[in-house]
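Trainee: Could you take me through one part of this model up close? I'd like to start from a single helix and then see what lies around it and further along.

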Amino acid sequence: MAAHNSEADSEIALNVRPTEDEHLPALLESVNKQASNRHIPRIPSNEAVGMFTQDEHLGTDSNNKVNNLNKVSSNEPSNRGLGLDEASHRIYLNHAFEHTDETVLEPGHLWHQSDEDEHGDHESYSDDKVIIDRPIYSQDGFEQGFGAGSLSSRTIKDWIKSKVRCDYSWQCVRKIISHHLPFLAIMKEYNVRKDLLADVIAGLTVAIMHIPQGMAYGQLASLQAVYGLYVSFFPVILYFFFGTSKHISIGTFAIISLMMSSAVTKGLQNQNVSLKSWNQTVDLGGGNVTFKIVDNKEDIDRTKLMLAMSVSFVVGVIQFVLGLCHLGFLTVYLSDPLISGFTTGAAFHVFTSQIKHIFGISAGTYSGVLNLFYTYRDIFKNIPQTKAVTLIASIVCITILVIVKEYINTHPKIKPKMLMPVPIELIVVVLGTIISHFAELEVKYSVKSVGDIPVGLPAPNLNAFSYIPNVITDAIALAIVAFAINVSMAKMFAKKHNYSIDANQELLAYGTCNIISSFFSSFASAASLSRSVVQENVGGKTQVTSLVSSAMLLIVLLVVGPYFKSLPNCVLASIILVSLKGIFKQVFDLKTLWIISLSDFLTWVVTFLATVLLDVDLGLLVGVVFALLTVIAKSQRPYSCLMGQVPGTDIYRDISVYSVAKEVPHIKIFRFDSAIFFANAEYFKTSLYKMTVNPYDLKKIEKKLTKRQKKVDREMERSHPRPSSLQETNMDRREGSAIAVVSNQWDAVNSSTSAQSENTTVTDSKLPVLTDIHYIIIDCSTMGHVDSMGVKAIQQVITELNVFNITVYLSHCKAHVREMFGKTNFYKTEGKNYLFITTHDAVVNILQRLEESSRHSTREVNTEFNEIRLTSPAMEATHS
């Protein structure tokens, strides 16, 4: 390999934009003034070369512009200097030719026209340009000339210091308090006149939604409905103090309630707790009624509550610890397709869990693999026992909910005229309770109802966490899913309203909400998309909305709660089913994902199927693993290509994408669009050999040629028997000696073909004879890092190709890559002169070496051949 040293006088002259004639002298003077400060050679006005760096349309339409750029004065020989007319950097050696007073490219030769693109927009090209005149830089020469330093290494101690910057002054303590209590900053900027009324209206609206949803999702979590109201109260107040989002509505959420139900069910199975019941028929005068008598219902409800509280506590601890460790970035591993597929699959579980309430039948509760199939088995088995009144009530409720939600609340003409959406869920709950109470649906038609709702707030329970060791696995999945859902919603609203959220502070807020709420008979909370959208649409400005909502929930818990005793379960189930519509509509994302990205499409499908067929927590795990596998697969087999030069520029582009890009003769420029590490190091070698030169193929060719040569030699020996006379023997010896002399002389000529000049720091070996590829340049611009196995792969490539006299250059090596080279002693075996700062520097250096070697080898061949012909008797005899 060859590189330019500090004393070489080769220079590169280029510019990036055209300029007007009158601007050129002033521009050159400005550049020269800056160049003198860096000890860079001055640019004479008669050596300016016009170039451009980037044309947005490097296709066939660019040819005219490129040709304009390549116009050269007719007085200049086409092969002057290094003869690099097609090189994007004009190279010239000061001692190689005499400069004239004419510029290589007149500024007037550059284009001034305006092109019209396919959309009718006019694209104008500025007449301004920058001219750069510099030497060819190897990486080592560039670092020496410009004093490059090393990357600063950051230790764990430095990281801790950066996170703990408080000097315990009052300003520092106040800053920490403000950071961890965001409501202080929000309330400091709160405008009572503009914001209070909007927050009150939004708070009342959201509270109206909290009441039916809290009761419904409490039932979905396999708990009593009142515990859903607790989740709609305690976490909401706490998030006001610790949360950074102004618009999300914390409380119950269908997916989280379902996952809580799954955890509670598994806990009951692990504790071997089951219902002990029998049927009893009673004659009420108008007919016989069968009741299901359960002996241990209170014990089971108590166990369920303790399991739910244990799960919530562990979820809060996990989220709080993640926040303390600043691990909010972990949500990046939960991509949107993964979350979409997971929530859609979980919605099927939610839907299935409510069917029994819609039909008024009983079905077992299952968890684990294929639990949906067992549930549907029980449903179809018990369909004949459907209670007609329950089914009719469910159909009526679903119809009313759909009509109001779809044709009134979201109607484009009606919605703008309404102060707030019609609270149809609350209306259905109130009407259902009134009708059930006065019609005695539970007594006469066996319609199951919510039951007793205690008045007041629950007392803190510190003895309900005995099941913590049994629920850690479920709590981990629940904590991650809840955080991912919350943060995604918070970011959506923050982006819309132009403010920022802190993911780590959000983790601390969710953890605090769940930990404290778990002591007050609450299960894990999360943000609800439906409530958050309503809160934002109604005009909510800040989390003051949550205070208004909690105040109304408090009134319900203290006063109104017992009046919902007669509310049928089928009404709550209807509310849940209708609310799942938005989640089920995510199925239509598949069409877009199929068009955009196959990997995202597969991630959605795999996560969805795993969630439906296996279970909620297992589905999430499978989805995460599959998504990571797609990332690993992409990084293990990244895109690679050959680069070509855009004529007349220093730009190199993928030849399969840009038709105008042409490969430089005898040079292959290879780009590997990924870091090189242990997983893809072998693929890097395979791709490079496949696109450039495969040394293993060359070895096979060499073996075949050697085998063929030996065969020819044996045939020659058979056809020319050993001479009998001494004279013939001596003659053969002289001829053989002459042939040996010729062979040796030609070997010397081949060696001299690739010899370097005396002032070159690196000498090239012989040019390859089995391939016309003499050099390979590896463009490292896309390599963010290289590990030890990656370095070994690069070293192996260089070594294997050098065997066949193919030289490998590296360009655009980033600091991290060069640092790894230093740590692995790469420079001791390969040397720093293999590295160039740009691909064009490497190409120009190679072309310079090839031309110098060509001129030198031509002179050597002529001289040596004449000497051989004159001094060899065998050659003279042959010639005669």
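Mentor: Here is a walk that starts at one helix and then moves on to a cavity and a few single residues.

First, the ground rules: this is a predicted model, where local features need pLDDT of at least 70, side-chain atom pairs count only at pLDDT 80 or more, and totals for chains, interfaces and linings use all residues. Residues are numbered from 1 along each chain as its sequence is written, and side-chain values use heavy atoms, with hydrogens and water left out.

The chain holds 33 helices and 15 strands; these are DSSP runs numbered from the N terminus, with H or I over at least four residues for a helix and E over at least two for a strand. Of its 880 residues, 48% are buried, where buried is under 20% relative accessible area, exposed is over 50% and partly exposed is in between, using a 1.4 Å probe and protein chains only. As for contacts (heavy atoms within 4.5 Å), 81% of those with a separation of 6 or more join residues 24 or more positions apart.

Now the helix. H15 covers residues 424-439, which is 16 residues, and its first and last C-alpha atoms are 22 Å apart, close to the expected 22 Å. That expected span is 1.5 Å times one less than the number of residues. Its buried residues are Ile-424, Glu-425, Leu-426, Val-428, Val-429, Gly-432, Thr-433 and Ser-436. They pack against four helices: H7 (192-220), H14 (388-407), H16 (441-445) and H21 (569-579). Just after H15 comes Glu-440, with a positive phi of about 50°. Ser-446 has a positive phi too, near 55°, and is not a glycine. Ser-446 sits in the loop between H16 and helix H17 (468-496) and is partly exposed, at 27% relative accessible area.

H7 also turns up at a cavity. The whole structure has seven cavities of 30 Å³ or more, and the second largest has a volume of about 50 Å³. Here's how that works: on a 1 Å grid over the protein atoms alone, a cavity is a set of points where a 1.4 Å probe fits but cannot get out, and lining residues have an atom within 4 Å of a point. Points are joined across faces, edges and corners, and the volume is the space filled by probe spheres set on them. For the second largest cavity, H7, helix H9 (234-242) and helix H20 (544-560) each give two or more lining residues. H20 gives the most, with three. The lining includes Val-206, His-210, Tyr-239 and Ser-549. By class it has five nonpolar, seven polar and no charged residues, with Ala, Val, Leu, Ile, Met, Phe, Trp, Tyr, Cys and Pro as nonpolar, Asp, Glu, Lys and Arg as charged, and the others, Gly among them, as polar.

Last stop, helix H30 (residues 815-823), which holds Phe-821. Phe-821 is buried, at 0% relative accessibility. Leaving out residues up to four places away in sequence, Phe-821 touches Val-791, Ile-794, Leu-810, Cys-813, Phe-826, Tyr-827 and Leu-835. Val-791 is 30 residues away along the chain, yet the two C-alpha atoms are separated by 6.9 Å. In the loop between H30 and helix H31 (826-830) you'll find Asn-825, a non-glycine with a positive phi of about 60°. Asn-825 is partly exposed, with a relative accessible area of 39%.

Key:
On a 1 Å grid over the protein atoms alone, a cavity is a set of points where a 1.4 Å probe fits but cannot get out, and a pocket is an open set with protein on both sides within 12 Å along at least five of seven lines; lining residues have an atom within 4 Å of a point.
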